[in-house]
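Reader: I'd like to go through this model with you and ask how each label was earned. Could you set the values beside the cut-offs for me?

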Amino acid sequence: MMASPRFVPTRSNDADTVPFATVEEAWMWGVKSLQCRLDGAQMRPGVGAISRPCEASDVVNCAERLRRRRELSATDISVLFLYGQYAIPPRALGRVHIQAARVWERALARLEPLLEQKGIITPSSARDADHA
C-alpha cells in the first residue's frame, strides 16, 4: 500500500518578502491576521499583495516568549492585544488612554529587538538611515 503524499506548504523565497517598517505595524498585522483566522479565514502564503517574512503567529509568539521570560507582564500583553484588536494605538485616543499608551510603548520597545533579530521588521539602523 502506497502512502498518500504529504502536503508541505511552499514558502516564498526570502528575497521576495518585505519586512514590516515598524514593530507597531507588525503587531497590528499579527493580531488582525490571527483574529481573521479565528473568524474562519484561511490564510494561504503568497496570496496577499505583499509577501511577509513571517506568519501572524510568529509575531504573537515573540510576545509570548518575552512574557515567559518575564520581560513582558500580563498587563503588557493585555494592552497589546486589546488595542491590537481595534487596530489603533492608545496614544491616538487621547488623554484618557495615557497610561495604556505608556504600557503600549514600553511593550513594543521590548518586542522590537526580537522582531528585528528574526527579520520580521526592518532594523532600526536602516529606518534611521532612511530618515536622515
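Reader: Why is Asp-76 called buried?

Author: In this predicted model, Asp-76 has a relative accessible area of 2%. Buried means under 20%, so Asp-76 counts as buried.

Reader: What makes Arg-110 and Asp-76 a salt bridge?

Author: Their side chains meet at 3.7 Å, N to O. The cut-off is 4 Å between a side-chain nitrogen of Lys or Arg and a carboxyl oxygen of Asp or Glu, so Arg-110 and Asp-76 form a salt bridge. Arg-110 lies in helix H4 and Asp-76 in helix H3, so the pair ties together parts that are 34 residues apart in sequence.

Reader: And why is Arg-110 called partly exposed?

Author: Arg-110 has a relative accessible area of 37%. Partly exposed lies between the 20% and 50% limits, so Arg-110 gets that label.

Reader: How many salt bridges does the rule give?

Author: The count comes to eight. One of them joins Arg-69 and Glu-71, with the closest N and O atoms 2.8 Å apart. Arg-69, at 41%, is partly exposed, and so is Glu-71, at 33%. There is also a network: Glu-24, Arg-91 and Glu-105 are joined by salt bridges that share partners.

Reader: What makes the meeting of Arg-52 and Glu-25 a salt bridge?

Author: The N to O distance between these side chains is 3.5 Å, and the limit is 4 Å, so the pair qualifies. Arg-52 lies in the loop between H1 and H2 and Glu-25 in helix H1, so parts 27 residues apart in sequence are tied together. The side chains of Arg-52 and Glu-25 also make a polar contact, at 3.5 Å.

Reader: Are Arg-52 and Glu-25 buried or partly exposed?

Author: One of each. Arg-52 has 17% relative accessibility and counts as buried, because the label applies under 20%. Glu-25, at 31%, counts as partly exposed.

Reader: How do you know that the charged end of Arg-52 sits over the ring of Phe-20?

Author: The charged end is 4.0 Å from the centre of that ring. The rule asks for CZ of Arg within 6 Å of the ring centre and within 35 degrees of the ring normal, and Arg-52 is listed as sitting over Phe-20. Beyond its neighbours within four places in sequence, Arg-52 is in contact with Thr-17, Val-18, Pro-19, Phe-20, Glu-25 and Trp-29.

Reader: Let's turn to the rings. How many aromatic pairs does the structure hold?

Author: There are three, and two of them are worth a closer look.

Reader: Why is the pair of Trp-27 and Phe-81 called edge-to-face?

Author: The ring centres are 5.2 Å apart, and the planes stand at 75°. Pairing needs centres within 6.5 Å, and edge-to-face needs planes over 60 degrees apart, so this pair is edge-to-face. Trp-27 lies in helix H1 and Phe-81 in helix H3, so the pair ties together parts that are 54 residues apart in sequence. Trp-27 is buried at 0%, whereas Phe-81 is partly exposed at 29%.

Reader: What makes Tyr-83 and Trp-104 edge-to-face too?

Author: Here the centres are 6.5 Å apart and the planes are at 70°. An angle over 60 degrees earns the label, so the pair is edge-to-face. Tyr-83 in helix H3 and Trp-104 in helix H4 are 21 residues apart, and the pair links distant parts of the chain. Tyr-83, at 9%, counts as buried, and so does Trp-104, at 0%.

Reader: Which residues touch the most other members of the largest nonpolar core?

Author: Trp-27, Trp-104, Leu-111, Leu-115 and Ile-120 do, in a core of 29 residues. Helices H1, H2, H3 and H4 each give two or more residues to this core, and the largest share, eight residues, comes from H4. Leaving aside neighbours within four places in sequence, Trp-27 is in contact with residues including Val-59, Leu-80, Trp-104 and Leu-111.

Reader: One last label: why does Pro-113 count as partly exposed?

Author: Pro-113, found in helix H4, has 47% relative accessibility. Exposed means over 50% and buried under 20%, so Pro-113 counts as partly exposed.

Key:
Residues are numbered from 1 along each chain as its sequence is written. This is a predicted model: local features need pLDDT of at least 70, side-chain atom pairs count only at pLDDT 80 or more; totals for chains, interfaces and linings use all residues. Side-chain values use heavy atoms; hydrogens and water are left out. A nonpolar core is a set of buried Ala, Val, Leu, Ile, Met, Phe, Trp, Tyr and Cys residues joined through side-chain atoms within 4.5 Å. Buried means under 20% relative accessible area, exposed over 50%, partly exposed in between (1.4 Å probe, protein chains only). Helices (H or I, at least four residues) and strands (E, at least two) are DSSP runs, numbered from the N terminus. Contact means heavy atoms within 4.5 Å. Rings of Phe, Tyr and Trp (its six-membered ring) pair if their centres lie within 6.5 Å; planes under 30 degrees apart count as stacked, over 60 as edge-to-face and the rest as tilted. A polar contact is a pair of N or O atoms within 3.5 Å; within protein, one must be able to donate a hydrogen and the other to accept it, and residues adjacent in sequence count only if both atoms are side-chain atoms.
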